[in-house]
Amino acid sequence: MTMQSKISPISFLACFKIWWRFFLSFIAILLVCSLVTHLLLLAAVWLTQLLDLAKFAPKALVEVTHFGLVNSTLLHIVGLSSFGFFLASQITVFYLLLNHSTAIRKILYKHHVSNPYPRPITEYDDKTHSSLAHDDIKKL
């Protein structure tokens, strides 16, 4: 008997529920990446002005609309950093959704894990504790 025959397929509705969560996280990550890219561009413009790169390398300057003059090397660093941040955040959110989202875990693994611990002992006193065996105390 193969592994494929033991696992039942995921329904279309369940697939849509998983996709919807990943889609919402994707949109949120795009918004955060946009904010990070804007902040990195502002930092690059500020660094270009601070280092006075307009005098030292005037041909390496690029005009970025709404930001100002940026050194082309810094602009490449901003682009690579933005892409790296996007990729790292996508992988992180994917990991978190698969491992820590109860809704996705229920859909994927199709079983509910019951609470492995019994109900708490409310009527507990020293007399009850002394009458318990050593193994029963370990269970508490």
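How many salt bridges does a search of the whole structure find? The points below answer this and then turn to strand 2.

1. The structure under review is a predicted model. A search of the whole structure finds one salt bridge.

2. The partners in this salt bridge are Asp52 and Lys55, whose closest N and O atoms are 3.5 Å apart. As general background, side chains of opposite charge can pair when their charged atoms come close.

3. The two partners may also be described by their accessibility. Lys55 has a relative accessible area of 65% and is exposed, because exposed residues are those over 50%. Asp52, at 29% relative accessibility, counts as partly exposed.

4. Strand 2 covers residues 68-71, and Gly68 is placed in this strand. The relative accessibility of Gly68 is 18%, so Gly68 counts as buried, the cut-off being under 20%.

5. The surroundings of Gly68 include residues from elsewhere in the chain. When residues up to four places away in sequence are not counted, Gly68 touches Val45, Val62 and Glu63. In addition, the C-alpha atoms of Gly68 and Gln49 are separated by 9.7 Å, and these two residues are 19 residues apart along the chain.

6. Asn71 also belongs to strand 2. With a relative accessibility of 7%, Asn71 counts as buried, because this value is under 20%.

7. The contacts of Asn71 complete the picture of this residue. Leaving aside residues up to four places away in sequence, Asn71 touches Thr48, Leu53, Ala57, Ala60 and Leu61.

How values were computed. Residues are numbered from 1 along each chain as its sequence is written. This is a predicted model: local features need pLDDT of at least 70, side-chain atom pairs count only at pLDDT 80 or more; totals for chains, interfaces and linings use all residues. Side-chain values use heavy atoms; hydrogens and water are left out. Helices (H or I, at least four residues) and strands (E, at least two) are DSSP runs, numbered from the N terminus. Buried means under 20% relative accessible area, exposed over 50%, partly exposed in between (1.4 Å probe, protein chains only). Contact means heavy atoms within 4.5 Å. A salt bridge is a side-chain nitrogen of Lys or Arg within 4 Å of a carboxyl oxygen of Asp or Glu.
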